[in-house]
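Visitor: I'm new to this structure and would like a close look at one part of it. Could you take me through the sheets and what packs on them, and then follow the helices and rings elsewhere in the chain?

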Amino acid sequence: MANAMGGMRGGIQGGKKAKAPKKTLKRLLAYSFSHYKVAMVFVILGVIISASANAAGSALLAPIITELTPEGGVFNADWHKIVLYVIAMGGIYVAGALCVFMYNRIIMYIANGTLKRLRNDMFEKMHTLPLKYFDTHTHGDLMSLYTNDVDTMRQLLSQTIPQLVSSAVTIIAVLSMMLFYSFTLTVLMFVMLFIMVMGIKSVGAKSAKNFVRQQQALGALNGYVEEMTEGQKVIKVFCHEQKAREQFKVLNDELNIAGRDANTYAFIMGPMTNNIGYFQYIFVAIIGLVLILTGNQFWLLSGYGAINGLTVATCVGVLVSFLGYSRSFNMPIQQVAMQFNSIVMALAGAERIFEMTDSQPEDKGGDIALTFGESRQGGWAWKKPLSDGSFEFIPLMGDIRFNNVVFGYNEDKVILKNISLYAKPGQKIAFVGATGAGKTTITNLINRFYDIQSGEITYDGINIRDIKKSDLRRSLGIVLQDTHLFSGTVIDNIRYGRLNATDEECIRAAKLANADSFIVHLPEGYQTEIKGDGSNLSQGQRQLLAIARAMVSDCPVLILDEATSSIDTRTEKLIENGMDKLMEGRTVFVIAHRLSTVRNSQAIMVLEQGEIIERGSHDQLIEQRGKYYQLYTGAFELE
């Protein structure tokens with residue numbers, strides 16, 4: 001459901017226009033081409049040569065037509081010149097085609113290299129972001145960055161930008177030749193061009209607006225399909241197939257209407273510009289013929305006439321060449337118009353990506369590191385740098401204390417209120433209470449997934465803000481309520497707790513967690529491939545693997561957040577002995593709804609609305625006959 005909504009949100013956001021398109025485009029070009037400066041020189045040269053070749057090739061058409069046009073009823077063509085002109089024209093066009101092939105190959109190399117570097121930077125950045133970022137951005141939204149947004153940028157870099165550069169150079173080259181041939185006809189061309197640009201602007205705005213609607217509708221439909229696919233079992237249980245079909249039809253109709261409107265305007269743009277171009281062609285041809293037939297060659301020719309004289313043959317050659325240039329002039333304008341929507345969508349995608357890469361990274365914490373075997377006592381120790389350049393080694397004992405801690409995910413909503421507690425080395429501390437009481441929040445503060453607003457949390461007498469976050473988390477073994485398995489074998493997923501663990505250590509951890517009994521019955525045993533986040537395993541089996549992963553990490557402190565919530569009572573009994581062995585000499589924090597799992601805890605904290613209302617051992621709390629007693633005897637149930 002969350003992923004589906006994320007996909008919907010990602011699609012919708014992907015459909016928005018960029019807030020600062022000029023700034024985004026400038027940054028994207030700098031990011032893309034800064035690493036390929038030499039390659040870009042060849043691309044620019046290739047574009048200039050190819051565009052100039054097209055213009056120069058068309059320029060040779062004028063003298064050929066002039067030679068082939070009878071003057072005064074006499075046909076006196078110089079075939080030697082004509083053959084040379086044709087050969088030169090063919091050579092120029094071949095050179096231009098080779099340059100097009102060259103710069104297209106190079107631009108694909110640049111585009112794919114840029115996207116590879118961008119994805120690497122995005123992935124690197126993602127792992128530096130605080131957990132709060134992922135709480136405020138859904139998985140689907142983040143996936144949209146790597147898929148939809150990167151794909152729009154691929155099209156922009158590999159197709160749209162080269163097309164724009166080529167079109168710009170072609171327009172400049174062709175315009176120069178048009179002015180050289182006929183200033184009068186060029187002015188007429190610009191009158192028609194103004195009409196074309198106004199039409200493109202009007203249709204393009206409507207097209208872009210409807211493409212945004214289409215992206216929004218597509219995102220909503222994709223999100224709904226993903227949600228329905230994941231929830232097929234629930235749909236069938238409650239017989240909601242008809243309701244699901246009706247909702248899909250509504251979303252599908254919305255996408256159909258939005259897509260129809262968007263593509264209608266997009267398809268109108270091409271024929272519209274083509275028809276205006278044809279009308280322009282005919283209009284210029286008629287005006288040119290009228291000028292020639294009425295003897296007003298002076299108004300027809302510009303620089304070319306001054307060089308070659310004002311003969312009828314010369315005028316016919318100029319008119320034919322000019323008409324060819326008019327087609328060459330309109331074509332890049334039409335191509336730019338067709339790329340308008342791609343530019344809008346790509347810049348919106350690039351802006352979203354840059355927003356992610358510009359996000360404030362998680363601070364790395366203090367300068368106290370975790371070390372093993374460096375102190376005189378050996379074992380784990382905190383390595384604290386001193387002002388004189390030496391180090392103080394503080395043995396890692398697992399003594400964790402909260403002193404008047406206040407915390408809220410949002411500043412205006414406090415979750416924990418003046419929490420004070422301590423866990424002495426080797427103690428098992430349990431948290432019980434209703435959903436939302438703040439149990440998981442306390443454990444999230446220990447590993448600094450979030451930072452407190454006030455108060456202090458100490459670890460072996462050290463403020464955890466002074467410890468490097470990576471080393472702080474390396475000292476904590478965690479089993480989360482929501483188990484996540486990765487693609488790979490069963491033993492690889494266990495080894496994820498400590499990447500240098502041997503196969504024997506992983507198997508020993510699995511046996512301790514009582515996971516070995518089901519693993520050996522899998523098709524390939526420990527080498528069985530995990531599919532789709534463990535879809536080929538039961539929820540209880542997945543959770544046993546997560547416990548084995550925490551065991552192999554061999555951390556001094558353990559956090560078990562509903563670690564046995566998906567395990568049946570019999571299996572839970574079987575792993576208790578193994579868990580007890582694992583917890584020997586370690587500080588353990590346990591969150592559990594099943595009160596039977598926390599009976600042997602040295603201290604049990606009962607939380608209610610962010611406050612500790614009771615604390616003590618199981619026997620002590622039973623004697624108090626308070627909230628814990630009510631929970632344990634069933635007089636009050638956890639929600």
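Guide: Here is a walk through the two sheets, followed by a helix pair and some ring pairs. Keep in mind that this is a predicted model.

Let's start with the six-stranded sheet. Its strands form an open sheet in the order S9-S12-S13-S6-S14-S15, and the pairing is mixed. At the edges stand strand S9 (476–479) and strand S15 (611–616); each has a single partner strand, so one side of each is left without a neighbour in the sheet. Going from one strand to the next, the twist averages 15°. As background, strands of a sheet pair through backbone hydrogen bonds, either parallel or antiparallel.

Zoom in on the S9 edge. S9 runs parallel to its partner, strand S12 (residues 557–561), and four bridges join the two. If you want a spot to click on, try isoleucine 478, which sits opposite isoleucine 559 in S12. Now look for helix H20 (residues 539–553): this helix lies across S9 and S12, and runs at about 175° to S9.

Next comes helix H15. On this sheet H15 touches strand S6 (428–433), S9, S12, strand S13 (587–591) and strand S14 (603–608), and its direction makes about 150° with that of S13.

H15 also takes us to the other sheet. That one is open too, with four strands in the order S5-S4-S7-S8 and antiparallel pairing. Its edge strands are strand S5 (416–423) and strand S8 (462–463), each pairing on one side only. Here H15 (residues 439–446) packs against S4, S5 and S7, with its direction at about 115° to that of S4. So you can find H15 in contact with the four-stranded sheet and with the six-stranded one.

Within the four-stranded sheet, have a look at S4 and S7. Strand S4 (residues 400–407) pairs with strand S7 (residues 454–459) in the antiparallel sense, over five bridges. In that pairing, isoleucine 400 faces tyrosine 459 in S7. There's also a cluster of rings to pick out: Phe407, Tyr409 and Tyr450 are linked by ring pairs.

Before leaving S9, follow the loop between S9 and strand S10 (488–489), where you'll find serine 487. This serine is exposed, with a relative accessible area of 75%. Serine 487 and lysine 531 are 44 residues apart in sequence, while their C-alpha atoms are 6.4 Å apart in space.

For a contrasting serine, jump to helix H7 (residues 139–181), which holds serine 167. Serine 167 is buried, at a relative accessible area of 1%. Leaving aside residues up to four places away in sequence, serine 167 touches Pro332, Gln335 and Val336.

Now for the helix pair. Helix H2 (residues 21–33) packs against helix H5 (residues 79–126) at an angle of about 100°, and their axes are 9 Å apart. That angle makes H2 roughly perpendicular to H5. At the contact, Tyr31, Ser32 and Phe33 in H2 meet Ile110, Thr114, Arg117, Leu118 and Asp121 in H5. Sorted by class, the residues of this contact are four nonpolar, two polar and two charged.

Tyrosine 31 is worth a second look, since it leads us to the ring pairs. The count of aromatic pairs comes to ten. In one of them, the rings of tyrosine 31 and phenylalanine 354 have their centres 6.4 Å apart and their planes at 65°, so the pair is edge-to-face. This pair links distant parts of the chain: tyrosine 31 belongs to helix H2 and phenylalanine 354 to helix H14 (residues 340–357), 323 residues apart. Tyrosine 31 is buried, with a relative accessible area of 18%, and phenylalanine 354 also counts as buried, at 6%.

Another edge-to-face pair joins tyrosine 36 and tyrosine 109, at 5.5 Å centre to centre and 85° between the planes. Tyrosine 36 is in the loop between H2 and helix H3 (37–59), and tyrosine 109 is in helix H5, 73 residues apart. Their surroundings contrast: tyrosine 36 counts as buried at 14% relative accessibility, whereas tyrosine 109 counts as exposed at 54%.

Note on methods: Residues numbered from 1 in each chain as written. Predicted model: local features only at pLDDT ≥ 70, side-chain atom pairs only at ≥ 80, totals over all residues. Heavy atoms only, no water. Pairing = 2+ DSSP bridges. Contact = heavy atoms within 4.5 Å. Axes fitted to C-alpha atoms, helices over the stretch in contact; angles between N-to-C directions. Buried < 20%, exposed > 50% of the residue type's maximum accessible area, 1.4 Å probe, protein only. Parallel < 35°, antiparallel > 145°, perpendicular 65-115°, else oblique. Nonpolar A, V, L, I, M, F, W, Y, C, P; charged D, E, K, R; others polar. Phe/Tyr/Trp six-rings, centres within 6.5 Å; stacked < 30°, edge-to-face > 60°.
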